[in-house]
Structure formats: C-alpha cells, structure tokens
Amino acid sequence: MSLLSRRPPSADVDADAVRGAAGAVRDPELHLDLDEAGMLGDVTVDHDGTAHVTVRLTTPTCPMRERLVADVGTAVDTVPGVTGVRVKFDAMTDGERMSLASRLRGGREDGHPFGPDATTHVYAVASGKGGVGKSTVTANLAVALAQQGKRVGVLDADVWGWSVPQLFGVRHPPVALKGLMLPLQAHGVSLMSVGFLVQGDEPVVWRGPMLHKAIEQFLGDVHWGDLDVLLIDLPPGTGDVTLTLLELIPDAQLLAVTTPQPAAQTVAARVGRMARDARMPIAGVIENMSTLVCSSCDAETPLFGEGGGARLAAGIGTTLLGQVPLDLPLRTAGDLGLPAMVATPDAPSVVELRRIAASLPVVRRSLVGRSLPLSVV
Ligand SMILES: Nc1ncnc2c1ncn2[C@@H]1O[C@H](COP(=O)(O)OP(=O)(O)OP(=O)(O)O)[C@@H](O)[C@H]1O
C-alpha cells in the first residue's frame, strides 16, 4: 500500500530519519510507539526517494492495518526528500509476541492494574431497572471525557445484555497476545465487552465463580494501558457482577443512573444502599430521560414524572450530577452505532452529558469502618 507525495525526487534521503519518523508512530491499540513495541521492521529508501517501511504486526489479521498505513505514510512523508511511502506488513514471531505481552503486563502476572495505588479513576455505572439508559450514558460520558483529552476505557460488564459493541459500532474480536487481550478502539476510547468475544447473538450463561473469573480477566488480562478513567457498565440491579467488582476494585465509585419515575428510582435506591453498606464511594446520580424535548418546538414534557433523580440522590446521601433530557438524536445515534457525542454534539441530551463529564467528581473510599491492613507477628 502506498501514499505518494507530489514532491520532486531527491537522492538525499536520510534512511535513519525515515526510521525515526516511522518508529515514532503510535500503535493505537498498544499505546506504544512502533519502535518501542518492536513493530518496526526493515526501512529502505529507493534512489527516487520512495521509502519502504515494514510494520511487524502482532497478528496478521490486525484490525489497525489501514490506520497504520495512513499514520506511517503521513509521518514518513514529512522527511525531507521522500517522494512516496510504501508500507508493507509482516507478522511478529511467537517469541516476540510472548516478550511483548510480558512487557505490556509490566511484570504483573496476575491481579489487575486498578488497585489502591492506581491513578485511574474507576466509575461503576449502575441502575436499578434495565432500559433507563445506563449504557447510553456510559458510552457518551466516555467519548466526552476522551474529547476532553483524557485516556478513557469502557468495560462492558453487562455480561448478559451487552450493548457497548452496538453503541460504538465495533464488532470484531480483539487481538489476543499470549493471554493478553488488546481493547478495541473507537472514538478515542478503549473498549472491552463480552459482545466482542461471542459469536452472533449466542447467550452467555455465566454465573458464580465463572462470572467472577470472567470479570477478573476483563480487568487483569486486558491491556488497558495507563487510563485516566475507566467506566464500567454494570448489569442492572444488585447482582453477582456488582459484588465481584466491589471485591476486585474496592475503590470503584458508583455512578447511579435512574429515570425520574418513582418505580426506577426506588429500585435504583437499592443499588445505592448496597453500595453505601459496602462503603463503596458514591460519585453521584445522573437522572436520564428527565424531560421529553420536542424536536420541532423545543417544548419539554416530563414524560416519566419529575424529581426521581433528586430523591435518589438525597436518599443515598449523594449529589444529583445532572438531568439528561429524552431526545431523538441520542436514541438514533445509539441505533446507528455512532455515539451522539460525535454524531449530534449540539443535541440537548449531549450538551448535558458533556457538562456532567466535565465535572465528574472524584470520591474517595471512607476509612470509617474499613479494616486496616494490620497483621500480628
Ligand atoms: N436520554 C435519552 N433520550 C433518548 N433515548 C434514550 C435516552 N437514553 C437512553 N435512550 C434509549 O433508550 C434505550 C435504552 O437505553 P440503554 O440501552 O442505554 O439502557 P440501559 O439502562 O443500559 O439498558 P440495559 O440495562 O437493559 O442494558 C436505547 O434505545 C437508548 O437509545
């Protein structure tokens, strides 16, 4: 594949400069430069100024090929004298993949990178009832945070009703590197979901220990890189996944999503109370579908009633972070597989979600009642 520039040919191209430019290109999945990742192969320059760059992929079916051709082409094209760029692909050997995987794990063979010393802020997005817009809120908050320059990941822990692949419009399986999965990338967000691993609409029947193991692997056996924020989309209710997460990431902060409807708010209150009893930090409540915005007249109707978000927040001792209206753009964008944060940035729902993302609080776990790490010798 090639990307040709229109500059006149020159015989004086510095091959080291070409290697430097290509090697500095960042692999979007590994979050490493091609050089650092050991992905840069042969680099040569013809007399007519055409640069040939070989990129060594982690897997021959790497979904990032086109992006790499474009990024390497653009970077090498800036080297003086280069008249054109041809990018070839090659695959890493098993040994190289093994050593890359162990480097990415950073010496950590088990556990996950979101322990108490981590700088990543983890938010577990929960709701009482299903269908209140928890996944839609999660996806759009994630894109908004990425647009604000944050390194963001979304873990779709809704293992039975995953919707992250649909909301981000990505469906292919992740690249696996000797037991380490690379999250998929979309709109600046790193994504992992059961939906990327199952064929078609096959149901997932995990419970108990198997479910625990799966969530553990989604945290520890995925190369999340250095994230500023990880949003975890939980299944609705107070089930096994929430308990597993509480156990694995005690510092995860709860973000509760509800509609204003009393039925949704009272069920969400159970999740809030469970979090409070487990001393999980509660970042706040987001009320979704607050009012229906008329697309032709801008009139607002409180379709699902009023005040549910504020009542939930007061009930579990936290703040109402925002009220997201019900509007057509948020629903249609989700169905199209393009987050509304990208597709319709001016929609009223999107403006409110962006505002919430910009002011997401960071709440620390209270030490009151928490057992301290004391040991008797
Ligand atoms: N503010 C909104 N305006 C318009 N449509 C919305 C809004 N929020 C969510 N929706 C739509 O409501 C439906 C349910 O949303 P979503 O799948 O995000 O809910 P959920 O709480 O994650 O559901 P589940 O718990 O079952 O996974 C989707 O069709 C989504 O597009």
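**Helix packing and a ligand shell**

Visitor: At what angle do helix α6 (residues 208-220) and helix α7 (residues 240-248) pack, and how far apart are their axes?

Guide: In this predicted model, α6 and α7 pack at an angle of about 50°, with axes 10 Å apart. Helices here are DSSP runs of H or I with at least four residues, strands are runs of E with at least two, and both are numbered from the N terminus. Axes are lines fitted to C-alpha atoms, for helices over the stretch in contact, and angles run from 0 to 180 degrees between N-to-C directions. Under 35 degrees counts as roughly parallel, over 145 as roughly antiparallel, 65 to 115 as roughly perpendicular and the rest as oblique; α6 and α7 are therefore oblique to each other.

Visitor: Which hand does the crossing of α6 and α7 have, and which residues meet?

Guide: A crossing is left-handed if the near helix is turned anticlockwise from the far one by less than a right angle, and right-handed if clockwise; that of α6 and α7 is right-handed. With contact taken as C-beta atoms, placed from the backbone, within 7 Å, the α6 residues G208, L211, H212, I215, E216 and L219 meet D240, V241, T244, L245 and L248 of α7. By class (Ala, Val, Leu, Ile, Met, Phe, Trp, Tyr, Cys and Pro nonpolar; Asp, Glu, Lys and Arg charged; the others, Gly among them, polar), this contact has six nonpolar, three polar and two charged residues.

Visitor: How do α1 and α2 lie against each other, and what classes of residue make up their contact?

Guide: Helix α1 (residues 15-23) packs on helix α2 (residues 65-77) at about 140°, their axes being 8 Å apart, and the two are therefore oblique to each other. In this pair V18, A21 and A22 of α1 meet V72, A75 and V76 of α2, a contact with six nonpolar residues, no polar and no charged ones.

Visitor: What is the orientation of α8 relative to α9?

Guide: Helix α8 (residues 262-277) and helix α9 (residues 308-315) pack at about 25°, with axes 9 Å apart, which makes α8 roughly parallel to α9. Among the α8 residues in the contact are P262, A264 and G272, while α9 brings G308, R311, L312 and G315; the classes are five nonpolar, four polar and one charged.

Visitor: Which residues come nearest to the ligand?

Guide: Taking as near any residue whose C-beta atom, placed from the backbone, lies within 6 Å, 21 residues surround the ligand, of which G130, G133, S135, T136 and R331 come nearest. The shell comprises six nonpolar, eleven polar and four charged residues, and α4 (134-147), β15 (282-293), β17 (320-326) and α10 (328-336) each supply at least two of its residues.

Visitor: What average pLDDT does the chain have, and where does pLDDT stay under 50?

Guide: The average pLDDT, the predictor's confidence in each residue from 0 to 100, is 86, and 91% of the residues score at least 70. Over residues 369-377 it stays under 50, and the model has three contacts beyond four places in sequence for them. Residues are numbered from 1 along each chain as its sequence is written. In this predicted model, local features need pLDDT of at least 70 and side-chain atom pairs count only at pLDDT 80 or more, whereas totals for chains, interfaces and linings use all residues.

Methods. Two residues are in contact if their C-beta atoms, placed from the backbone, lie within 7 Å.
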